[in-house]
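Grab a coffee and open the viewer. Here are some exercises to work through, each with a solution you can follow step by step.

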Amino acid sequence: MDIKTTRRMRVQSLIKERELTLKAFADKIDRSQGQVSAIAGASAHKGIGDALARHIENCLHLPHGHLDQPIADSNASVITTTTSRQLPVLGLASAGKLMENIQEANVSEYVIAPGPTGPQAFALRIEGISMEPRFQEGDKIVIDPDLEWKNGDYVYAMRISDNHGTFKQLRCEDGEMYLCATNPSFEPRYTRMDGEWTILGKARWRVEDL
């Protein structure tokens, strides 16, 4: 798949996931509806250049190069199929460091992957009560950066300014993305995905100790 097709499919997928109209998407990236229709509409005929791709990523608070990553088929072999791979177990803070340099993540525990994972997958140890009752403190959740995430998924996100990590459910409201705590008593329950936050991976499994 060439880069133009990849970027178009990525943008079309984002528009669908965030439940946006072409006009709403155009407003978010400060472009005309006609221009957006040409690059991501039903009859799209123009490619998305490097500058526009980076601009879209910035406006939607996506990691640099996100639009350039091919969308994997759920039946494709992009994911490594193995149940013997060991995954590092990390806390909310050290997980952010893993994405930069595994040597700085202070890994002292590993678990066996319960199924196929991408090469950057790790097990996140839940801290606090923000995700109760669905997740309890101490639970180990496999986070896979190679999976596509969408509205309603559980994700690991990091605040760029200080590498502060958090595990939350992704919610889309009126075209805006929020990190949501499932515990109704936790404050703040909603954190808007502004330029300070980036999603680093989607939850795939819970690893249970027997």
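The exercises below deal with the sheet, the cores, a cluster of rings and one loop residue.

Before you start: this is a predicted model, in which local features need pLDDT of at least 70 and side-chain atom pairs count only at pLDDT 80 or more, while totals for chains, interfaces and linings use all residues. Residues are numbered from 1 along each chain as its sequence is written, and side-chain values use heavy atoms, with hydrogens and water left out.

**Exercise 1. Work out the strand order of the open sheet, and find which strands stand at its edges.**

Step 1. Strands here are DSSP runs of E, at least two residues long, and helices are runs of H or I of at least four, numbered from the N terminus. Two strands pair if DSSP finds at least two bridges between them.

Step 2. Walk across the nine strands and you get β2-β1-β3-β4-β9-β5-β6-β7-β8, with mixed pairing.

Step 3. β2 (110–112) and β8 (190–192) each have a single partner strand, so one side of each has no neighbour in the sheet.

**Exercise 2. Describe how β1 is paired, and decide whether β1 is largely enclosed or not.**

Step 1. Look at β2: three bridges link it to β1 in the antiparallel sense, and L87 sits opposite V111 there.

Step 2. Now β3 (residues 122–125): β1 runs parallel to it, with two bridges, and V89 has A123 as its bridge partner.

Step 3. Buried means under 20% relative accessible area, exposed over 50%, and partly exposed in between (1.4 Å probe, protein chains only). Four of the five residues of β1 (86–90) are buried, so the strand is largely enclosed by the rest of the structure.

**Exercise 3. Find the residues that touch the most other members of the largest nonpolar core.**

Step 1. A nonpolar core is a set of buried Ala, Val, Leu, Ile, Met, Phe, Trp, Tyr and Cys residues joined through side-chain atoms within 4.5 Å.

Step 2. The largest one has 27 residues, and the ones you're after are V11, F25 and I56. Elements that supply at least two residues each include α1 (3–17), α4 (50–59) and β9 (197–207).

Step 3. Zoom in on V11. Contact means heavy atoms within 4.5 Å. Setting aside neighbours within four places in sequence, V11 is in contact with F25, A40, I48, I56 and L67.

**Exercise 4. Which rings form one aromatic cluster with F167, and how is each pair arranged?**

Step 1. Rings of Phe, Tyr and Trp (its six-membered ring) pair if their centres lie within 6.5 Å; planes under 30 degrees apart count as stacked, over 60 as edge-to-face, the rest as tilted. That rule gives five aromatic pairs.

Step 2. F135 and F167 are edge-to-face, 5.1 Å centre to centre with 85° between the planes. F135 is in the loop between β3 and β4 (140–144) and F167 is in β6, so this pair ties together parts 32 residues apart in sequence.

Step 3. Y154 and F167 have ring centres 6.2 Å apart and planes at 25°, so they're stacked.

Step 4. Put together, F135, Y154 and F167 make one aromatic cluster. F135 is buried at 4% relative accessibility, and F167 is buried at 3%.

**Exercise 5. Is K46 buried or exposed?**

Step 1. Find K46 in the loop between α3 and α4.

Step 2. Its relative accessibility is 53%, so K46 counts as exposed.

Step 3. Check its surroundings: not counting residues up to four places away in sequence, K46 touches A38 and I39.
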